[in-house]
Amino acid sequence: MEKLRVLKQVIDISEKSFMLRFVNLIGVSFLGVCTFVGNLAVFFFNSVKALFCKWYVREVYHQFFSIGFFSIPVIAMTAVFSGMVLALQTYSGFADLADESSIAKVLAIGIARELGPVMTGLMFAGRVSSSIAAELGTMVVTEQVDALKTMNVNVFRFLVAPRVLGAVLAMPVLIFIADSLGVLGGVWVSVGSLDLSKMILLDNIMNYLTNFDLLVGLVKTLSFGVATTLFGCYYGLSATIGSKAVGNATTKSVVASCITVLVLNYLLTWVFF
């Protein structure tokens with residue numbers, strides 16, 4: 001009986017210990033989420049405030065060139081093949097209904113509203129957000145950011161605002177390239193592989209494509225560009241000292257940026273349509 005009583009006490013203590021650890025885990029996770037949201041909100045507020053201060057024009061030009069020009073190859077390749085795949089999939093779906101003419105409508109609306117902005121945003125997140133996080137994270141690790149603060153330089157005005165402004169200026173150019181090449185890729189496949197009339201296809205695309213579709217794509221792309229740039233800056237400047245700090249900051253920025261692009265895409269689509 002004594003052994004059974006001792007065993008029961010041990011089991012009771014283990015259950016209480018498990019419950020305490022479980023409650024502690026929930027509390028720590030909740031506090032971590034609140035801390036992250038608070039830090040992110042303060043960072044975004046300071047970043048927006050820095051946009052309305054005096055700009056470092058040379059830095060804005062440098063970031064516009066770095067962000068926009070070097071993003072063109074990967075976005076162009078993505079847009080072309082996305083348009084080609086969209087044309088093939090649309091044809092295979094509408095061929096059974098003898099409605100191949102709908103390819104033009106799907107190409108125009110699908111690329112202008114969805115594929116162009118989303119693929120541009122994801123590629124932008126993978127190339128630009130990771131680059132910004134790695135660059136700023138390296139500056140933090142090597143104490144260059146501390147040196148700027150010592151010289152009384154506003155980090156948000158000098159490091160964050162030029163990158164955000166560069167993204168805002170570059171995104172309209174990138175979405176124009178993505179939409180144009182996406183439509184051309186779809187037309188090329190439709191004419192070369194599916195034996196559709198080029199003139200009729202282009203005429204239908206121009207008839208179906210409206211200014212509203214282009215406006216939706218532009219608003220989405222600008223939102224994606226600003227969000228991914230801010231996440232890159234946030235995780236880069238939040239990097240800690242250590243050998244893995246820059247890598248962790250880069251990984252977190254890409255993951256957060258890609259998720260944000262998909263969430264914003266749904267929210268903006270819901271708002272517009």
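**Nonpolar patch and cores in a predicted model**

Helix H2 (57–68) and H6 each supply at least two residues of the nonpolar patch. The model discussed here is predicted.

User: What makes up the nonpolar surface patch, and which helix gives the largest share?

Analyst: Tyr-61, Phe-64, Phe-65, Phe-69, Phe-70, Leu-169 and Val-173 form the patch, which covers about 700 Å². The largest share, three residues, belongs to H2.

User: Why does Leu-169 count as partly exposed?

Analyst: Leu-169, a residue of helix H6, has a relative accessibility of 47%. Buried requires under 20% and exposed requires over 50%, with partly exposed in between; Leu-169, at 47%, is therefore partly exposed.

User: How do you know that Leu-169 is accessible enough for a patch?

Analyst: Patch residues must have over 30% relative accessible area, and the 47% of Leu-169 therefore meets that cut-off.

User: Which residues touch the most other members of the largest nonpolar core, and which elements build this core?

Analyst: Phe-124 and Leu-159 do so, in a core of 32 residues. Two or more residues come from each of helix H1 (2–51), helix H3 (72–94), helix H4 (102–141), helix H5 (144–150), helix H6 (155–192), helix H8 (211–237) and helix H9 (245–272). H6 gives the largest share, ten residues.

User: What does Leu-159 contact beyond its neighbours within four places in sequence?

Analyst: Leu-159 is in contact with Leu-136, Met-139, Val-145, Leu-148 and Leu-237.

User: Which residues does the second, separate core include?

Analyst: This core has 14 residues, among them Ile-103, Leu-107, Val-187 and Leu-194.

Technical notes. Residues are numbered from 1 along each chain as its sequence is written. This is a predicted model: local features need pLDDT of at least 70, side-chain atom pairs count only at pLDDT 80 or more; totals for chains, interfaces and linings use all residues. Side-chain values use heavy atoms; hydrogens and water are left out. A nonpolar core is a set of buried Ala, Val, Leu, Ile, Met, Phe, Trp, Tyr and Cys residues joined through side-chain atoms within 4.5 Å. Buried means under 20% relative accessible area, exposed over 50%, partly exposed in between (1.4 Å probe, protein chains only). Helices (H or I, at least four residues) and strands (E, at least two) are DSSP runs, numbered from the N terminus. Contact means heavy atoms within 4.5 Å. Patches are made of residues with over 30% relative accessible area and no salt bridge: like charges are joined within 9 Å, nonpolar side chains (Val, Leu, Ile, Met, Phe, Trp, Tyr) within 5 Å. Accessible areas come from the Shrake-Rupley method with a 1.4 Å probe; for residues, only the protein chains shown count as cover. A salt bridge is a side-chain nitrogen of Lys or Arg within 4 Å of a carboxyl oxygen of Asp or Glu.
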